[in-house]
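User: I would like to go through a model before I plan my week. Could you take me through it step by step?

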Amino acid sequence: MGRLVIVSNRAPSIDGSTDSGGLVVALKDALGKGGGLWIGGAPEQQEAPSDSIVWHDRRDFSVGLVEWEPELYRDFYLGYCNSVLWPAFHGRVDLIDVQGRYAEAYATVNKRLARMIAQNLREDDQIWVHDYQLIPLAQELKALRVRNRIGFFLHVPLPDLHTFMAIPDWQNVARWFSAYDLVGFQTSRDLRHMINIFQHGLRGELRANGNIGIDGREVALGAFPISIDVEGFREFAVKGAAGTAPAPLPRLIGVDRLDYSKGLPQRLAGYGEFLEKYPGYRSNVSLLQIAPPTRNSVNAYKAIRAELEHLAGRINGRFGTVEWTPVQYLHRALTREELAVLFRYSRVGLVTPLFDGMNLVAKEYVAAQDEDDPGVLILSQFAGAAEEMSEALIVNPHDASDIAETIKTALDMPLSERIERHDALYRKLKKHDVTYWTSSFLKRLSPSPVSVLPYHRAI
Ligand code: ADQ
């Protein structure tokens, strides 16, 4: 069997120091077999950008770092990726910012990256490309006559056809997807959207086996819901809680990157309505919202931060007392160990995105609970996680009254029902952890067919 070659916008650490995140843990085993490679952007500028990969050999696999000129990277990452594709894929077409140089930078980065990757491939390597920053990579690799199997996984949601059509040159974007051998999505919702986009945009023909025929070749498609390292995260929670005191009041917790797709203002509005409607809970419950900033220089992100701070201040001003602060708001990242304990000691997990590929916080919250006294997960119907986690309390994140009533239901829920719901959620989670995700994707990607054409190393 050939090597596994992972390609993502960001590479993992070259010394393994930040491996505790699910993806690296999950892929380590597959990468370890036969000297796998993980190619991605350097975490910070180290050397002058060049058109070759700088290799670092870890014990388990090799990390290949690439660097870009800062201006090019800005137009690629903050520009096309996060001011065109991210808003479009999250249904916020009003936030799409179309600038010619953004699309150019996106094309340039993917083309140059393909050239660098091609120089390092062996004939039987399998390539697994991750996420919306790198959609054109297969097309670019194939243009260099790379014949390896190439799979793609989209971590974010894929919108419906009409939303997708708001992307300038959307048929071209659809064509990039069609160059892969396998395209994986978080949910069957996204998978249906892809089929529809292929059928209407590229005259794709759905085959009996679920694949799509486009331009004389077949693309395999599938839903592969991503998950977490359930055991690892649970262990953090159990160990951490042993040396930490529980929260003084029943606590609601929200943990999200500060992003407009996460529904944070709507969540606070729901919590405000809950306190308004049920005064008996005032001084008897608290909300901890942890939201580290991302993509600070994009205007839409500055706006969401200002809005959230304003809303939290308003709720605290309206309901707070000298002894009690209704909303505690932390604007920074915490370690996974710290998060796990906070989840375990929170009676309610609030996960209410307006649109989300999966949402790993929902899974982390469930994994961290004490099975004898578990908290309750409130989950948006628009998070990919809602497809699997039906025993959570499912809400419409746009409806403040729904959120308010559901918070009350969660806080009042008897222990027996909490245990029953948690048990069902946890059992599914344990079975479908991140290792299951990796292996089911890779199983679909292999077996790599014997190359029909002789392999040419691209120069
Ligand atoms: P994200 O949009 O980043 O990921 P999510 O799935 O919730 O969303 O993952 C966030 C991760 O960051 C979680 O592991 C969470 O614990 C961590 N995190 C959040 N706030 C933190 C904080 N303050 N301190 C430390 N850690 C924090 C994208 C897609 C999702 C998809 C994932 C994985 O948008 O829909 O689920 O990729 O495919």
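Analyst: The following covers the domains, the ligand and a few single residues.

User: What should I know about the model before we start?

Analyst: This is a predicted model, in which local features need pLDDT of at least 70 and side-chain atom pairs count only at pLDDT 80 or more, while totals for chains, interfaces and linings use all residues. Residues are numbered from 1 along each chain as its sequence is written, and side-chain values use heavy atoms, with hydrogens and water left out.

User: How is the chain divided into domains?

Analyst: The chain is split into domain 1 (4-227 + 434-456) and domain 2 (230-431); these bounds come from an automatic or database domain assignment. Their centres, taken over C-alpha atoms, are 31 Å apart. The contact between them takes 25 residues from domain 1 and 23 residues from domain 2, where contact means heavy atoms within 4.5 Å.

User: Now the ligand. How many residues surround it?

Analyst: The ligand is surrounded by 21 residues, of which the closest are His 155, Leu 334, Asp 356, Leu 360 and Glu 364. A residue counts as near the ligand if one of its heavy atoms lies within 4 Å of it.

User: Which domains does that shell draw on?

Analyst: Domain 1 and domain 2 each give at least three residues to the shell around the ligand. Helix H11 (336-344) and helix H12 (360-368) each supply at least two residues, and H12 gives the most, with three residues. Helices here are DSSP runs of H or I with at least four residues, strands are E runs of at least two, and both are numbered from the N terminus.

User: And the classes of residue in the shell?

Analyst: The shell has 11 nonpolar, four polar and six charged residues. Ala, Val, Leu, Ile, Met, Phe, Trp, Tyr, Cys and Pro count as nonpolar, Asp, Glu, Lys and Arg as charged, and the others, Gly among them, as polar.

User: Which backbone atoms make polar contacts with the ligand?

Analyst: A polar backbone atom of Leu 334 is 2.7 Å from a nitrogen atom of the ligand. On the oxygen side, a ligand oxygen lies 3.0 Å from a polar backbone atom of Gly 357, and a ligand oxygen is 2.8 Å from a backbone N or O atom of Leu 360. The protein covers 85% of the 710 Å² of accessible area that the ligand has on its own. A polar contact is a pair of N or O atoms within 3.5 Å; within protein, one must be able to donate a hydrogen and the other to accept it, and residues adjacent in sequence count only if both atoms are side-chain atoms. Accessible areas come from the Shrake-Rupley method with a 1.4 Å probe, and for residues only the protein chains shown count as cover.

User: Changing topic: is Arg 267 buried or exposed?

Analyst: Arg 267 counts as buried because its relative accessibility is 1%; buried means under 20% relative accessible area, exposed over 50%, and partly exposed in between (1.4 Å probe, protein chains only). Arg 267 is found in helix H9. A polar atom of its side chain lies 3.4 Å from the backbone oxygen of Lys 262.

User: Which residues have a positive phi without being glycine?

Analyst: Asp 169 is one of them, with phi near 60°, and Ser 283 is another, at about 70°. Asp 169 sits in the loop between helix H5 (161-164) and helix H6 (170-178) and is exposed, at 57% relative accessibility. Ser 283 lies in the loop between helix H9 (264-277) and strand E12 (286-290) and is partly exposed, at 34%.
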